[in-house]
Structures are given as C-alpha cells and as structure tokens.
Amino acid sequence: MLDLQVIDDPAAATAALDPIRGRLLSELAVPSSAATLATRVGLTRQKVNYYLHGLEAHGLVRLAEERKWGGLTERLLVATAASYVVSPSALGPVAADPNREIDRLSASYLIALGARVVREVGDLVRRAKETGKRLATLAVDTEIRFRSATERAAFSNELAEAITKLVAKYHDESAVGGRAHRLVVVAHPLPQKSDSKSLPKFGHPKFDPKFDPKFDPKSDPKEPS
C-alpha cells in the first residue's frame, strides 16, 4: 500500500469523492470482503459489491487475497493507498494555474502554486514508479511566530536575498546533462485553533503588532480582510 496516491483521472476522482465510496476506501485500510464491509457500513452486500467494482476499475482498490469457502470464492480487497489527493489535472482546463494572470501577492496565487506542485510531483511519482526509480525531492516544513509585521517583512526580505544568492551560486543554464528543478517557498498564517486554551487571536494586545509601541504602521503590509 502506498502512503499517498495522486488521482489525476476525472472518473477516478469522481469515484473517490463519492461519500459512500470514500467511506469504503477508509474501511479498506486492511483487506476486507464485501460481506464484512456491508456489516460495517450498513449496506447490502450487493450494493457494496457495486461500489467496490467501481473503485477497483479506477485503480483505487486492488485484490489482496482470494479465499475458497466450499464452492464459493471470497475476494478480499484493500485500498491502494493510505490516503489520496486529487490532482488539478483531473479538473482539465479549469484547474488552477499560476501562469495565468493572478496577483502574485494574493492567496489565490499561493494556492495555484500548491496545485501545480501536486500536479507536477504527482506525475513524476507515477513515472518513477513505472520505471522502478526513486524520485529525489526536498521539503522543509516549519513554523515561526513573528513579534510584529515589521519583523515579518524583514524576515521575508532576508529569506528572498538568501535564496537569490543560492540560486545564483548553483544555477548553470549551460550545464550539459543537468536537470532543472523547481523551488517554491511559501508562507501563510496558521489557522486559529478553536480550543479555548489556545494562544490569543490576532487583535489581542499581546500579539497584535498594532499594539506594539515600536510598531510603525507605514511598514505594515496589508493584511487580508
């Protein structure tokens, strides 16, 4: 079973997004038969078989084992992955594309970049699997709490300068046999926790930069409404 599978076929995406089929996929983290699943989800075995045939046809579940019971054969199916992501490719021409005219400082552009990562890396993973090769990637994920919008802007400038220097140092357009890589760096606010014990929300004197006596309003980048 794969850790994650990217779905780029529209029909497969439709099947996976169906609530009942999605429930069956979650139940198939371990091999199960239609009869067992029917008991768990409260449907008839015939109904479950119908949904399973659709999932199997789109490569979302596979045969794990066959058991003989008298003159009958029981098929145990298992999900092909622990989790799934639908690629923008499945949406065809309306898929998010950062190459379109989008404000590069907007949240929409950031989302379009994320969509492109899913589309491109998902395709590369599929090709690597077909050829039996390992795909070399790099991912950095961390959190940072800024004391003020001023420091956030300073961090952004320093980060951009550091990346520019590194790219200039290692990029070689004329390298024979070299391979181009895409580097995407994004930053966005973390969603507020709903737990009452969570840290104060934006606007609280302790964390709102506008309550910082050293805060300069002229240097504050516009916040999303």
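In the predicted model, helix α5 is the element that gives the most to the lining of the second largest pocket, contributing 8 residues. This pocket encloses about 590 Å³ of space. Its lining comprises 19 residues, and those closest to the pocket centre are Leu4, Gln5, Val6, Gly122 and Val125. Two elements, β1 (residues 5–7) and α5 (residues 107–131), each supply at least two residues of the lining. By class, the lining of the second largest pocket consists of 10 nonpolar, 5 charged and 4 polar residues.

Helix α5 also carries Val117. With a relative accessible area of 36%, Val117 is classed as partly exposed, because the partly exposed class lies between the limits of 20% and 50%. The C-alpha atom of Val117 is separated by 9.3 Å from that of Ser87, although the two residues stand 30 positions apart along the chain. Ser87 itself is placed in the loop that connects β4 (residues 84–86) with α5. In contrast to the partly exposed Val117, Ser87 has a relative accessibility of 2% and therefore counts as buried, the limit for that class being under 20%. Leaving aside residues up to four places away in sequence, Ser87 is in contact with Val6, Ile7, Asp8, Val118 and Arg119. Among these partners of Ser87, Val6 is also one of the residues closest to the centre of the second largest pocket.

A further set of contacts involves helix α4 (residues 45–57), whose axis comes within 10 Å of that of helix α2 (residues 19–27) and crosses the α2 axis at roughly 80°. Helices α2 and α4 are therefore roughly perpendicular to each other, since this description covers angles of 65 to 115 degrees. On the α2 side, the contact is formed by Ile20, Arg21, Leu24 and Leu25, and on the α4 side by Val48, Tyr50, Tyr51, Leu52 and Leu55. The contact of α2 with α4 includes 8 nonpolar residues and 1 charged residue, with no polar residues.

Helix α4 also packs against helix α3 (residues 34–41), the two axes coming within 8 Å and crossing at roughly 110°. This crossing angle makes α3 roughly perpendicular to α4. In this contact, Ala34, Ala35, Leu37, Ala38 and Val41 of α3 meet Arg45, Val48, Asn49 and Leu52 of α4. The residues joining α3 and α4 divide into 7 nonpolar, 1 polar and 1 charged. Within α4, Val48 and Leu52 take part in the contact with α2 and likewise in the contact with α3.

At the level of the whole chain, the protein contains 6 helices and 4 strands. From the N terminus on, these elements follow the order β-α-α-α-α-β-β-β-α-α. Of the 225 residues in the protein, 21% are counted as buried, and Ser87 belongs to this class. Among contacts with a sequence separation of 6 or more, 56% are accounted for by residues 24 or more positions apart.

Terms used. Residues numbered from 1 in each chain as written. Predicted model: local features only at pLDDT ≥ 70, side-chain atom pairs only at ≥ 80, totals over all residues. Heavy atoms only, no water. 1 Å grid on protein atoms, 1.4 Å probe; cavity = no way out; pocket = protein on both sides within 12 Å on 5 of 7 lines; lining within 4 Å. Points joined across faces, edges and corners; volume = space filled by probe spheres on them. Nonpolar A, V, L, I, M, F, W, Y, C, P; charged D, E, K, R; others polar. Axes fitted to C-alpha atoms, helices over the stretch in contact; angles between N-to-C directions. Parallel < 35°, antiparallel > 145°, perpendicular 65-115°, else oblique. Contact = heavy atoms within 4.5 Å. Buried < 20%, exposed > 50% of the residue type's maximum accessible area, 1.4 Å probe, protein only.
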